[in-house]
Amino acid sequence: MTPTPDQPVVVTGATGRLGGRVARILAERGTEQRLLVRSPERAPALPGATAVRAEYVDHDAVVRGLAGASTVFMVSASESADRLAEHRTFVDAAVAAGVRHLVYVSFFGAAPDATFTLARDHFHTEEHIRATGLAYTFLRDNMYADFVPALVGEDGVVRGPAGDGRAAFVAQDDIAEAAAAVLARPDDHAGAVYDLTGPESLSLAEAAAILTEVGGRTVAYHPETVEEAYDSRASYGAPPWQVDAWVSTYTAIAAGELDGVSDAVPRLIGRPATPLADVVRSAEG
């Protein structure tokens, strides 16, 4: 079923990086859409798009915001101790609103025992969606290539307990294009689980070498121990669940749980996945 003006696609997270990219692509293609956001005044002004206020935790507001929609693009809520409960509330509201199909942004290797702690939340969200009987498509993104430069400290060093493990860093633009392709013809992707990756798996040492080559300053990788990782992050004053998430990002790489290249991105978007070097080069202008 192709989205129509009387049943617009709903895009969540349009004030953020990924949701905003998806909304812009849909607008460029002439797709009618409703942007479900916490702050409508911050939503992008796009042709064919209407902003509606709703937070994931507000069941009734979500039901109103999704009324009449058939397909919903659901980005994950902001990281918090209660994120899984927020997801369940949103999914239940989608059912109550009569939504047919959820396209959910999950994480590569989502599993109940995933090393990366937040990947467990994604697994349980997927399971909750499955249990509702809704049609679904899960986009299991690898680590964002766009965020790799942010791993570098002020001293030019990436520090973390990733060992020699590898990750298949994926460009957010590629994810957005893949999501838009699914949203254009959701029935063709019902029940699909797509691992969205970049074109190669890289160690953090290799990623540092790419940042050095593209950025013009020397970047190195220092493999911390797990104990060192917790000690070095203690000064931020973050709650324990968040520190666990930060550290387990690296230990998941060390465990090999972010390794492996999929062909889903090129199949969905019709071109090769974007290498890390190109993502960094584009960001630096």
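**Exercises on aromatic pairs and a pocket**

At 28% relative accessibility, Trp-246 counts as partly exposed in this predicted model,.

**Exercise 1.** Classify the geometry of the ring pair Tyr-236 and Trp-246, and state where each residue sits in the chain,.

*Solution.* A pair of aromatic rings is described by the distance of the centres and the angle of the planes. For Tyr-236 and Trp-246 the centres are 5.7 Å apart and the planes stand at 75°, which is over 60 degrees, so the pair is edge-to-face. The pair joins distant parts of the chain, with Tyr-236 in the loop between helix H7 (226–233) and helix H8 (240–254), and Trp-246 in helix H8, 10 residues apart. Tyr-236 counts as exposed because its relative accessibility is 61%, and the cut-off is over 50%.

**Exercise 2.** Work out which class of pair Tyr-144 and Phe-147 form, and how accessible Phe-147 is,.

*Solution.* By the distance rule there are six aromatic pairs. Tyr-144 and Phe-147 form one that is edge-to-face, at 5.2 Å centre to centre with 80° between the planes. Phe-147, at 34% relative accessibility, counts as partly exposed.

**Exercise 3.** Describe the lining of the largest pocket, beginning with its volume and ending with the classes of its residues,.

*Solution.* The largest pocket holds about 1800 Å³ of space. It is lined by 50 residues, and the closest to its centre are Arg-17, Glu-79, Leu-118, Tyr-144 and Phe-147. Among the elements that give two or more residues to this lining are helix H1 (17–28), strand S2 (33–37) and helix H4 (117–132), while H8 gives the most, with four residues. Sorted by class, the lining has 23 nonpolar, 16 polar and 11 charged residues.

Key: Residues are numbered from 1 along each chain as its sequence is written. This is a predicted model: local features need pLDDT of at least 70, side-chain atom pairs count only at pLDDT 80 or more; totals for chains, interfaces and linings use all residues. Side-chain values use heavy atoms; hydrogens and water are left out. Rings of Phe, Tyr and Trp (its six-membered ring) pair if their centres lie within 6.5 Å; planes under 30 degrees apart count as stacked, over 60 as edge-to-face and the rest as tilted. Buried means under 20% relative accessible area, exposed over 50%, partly exposed in between (1.4 Å probe, protein chains only). On a 1 Å grid over the protein atoms alone, a cavity is a set of points where a 1.4 Å probe fits but cannot get out, and a pocket is an open set with protein on both sides within 12 Å along at least five of seven lines; lining residues have an atom within 4 Å of a point. Grid points are joined across faces, edges and corners, and a volume is the space filled by probe spheres set on the points. Ala, Val, Leu, Ile, Met, Phe, Trp, Tyr, Cys and Pro count as nonpolar, Asp, Glu, Lys and Arg as charged, and the others, Gly among them, as polar.
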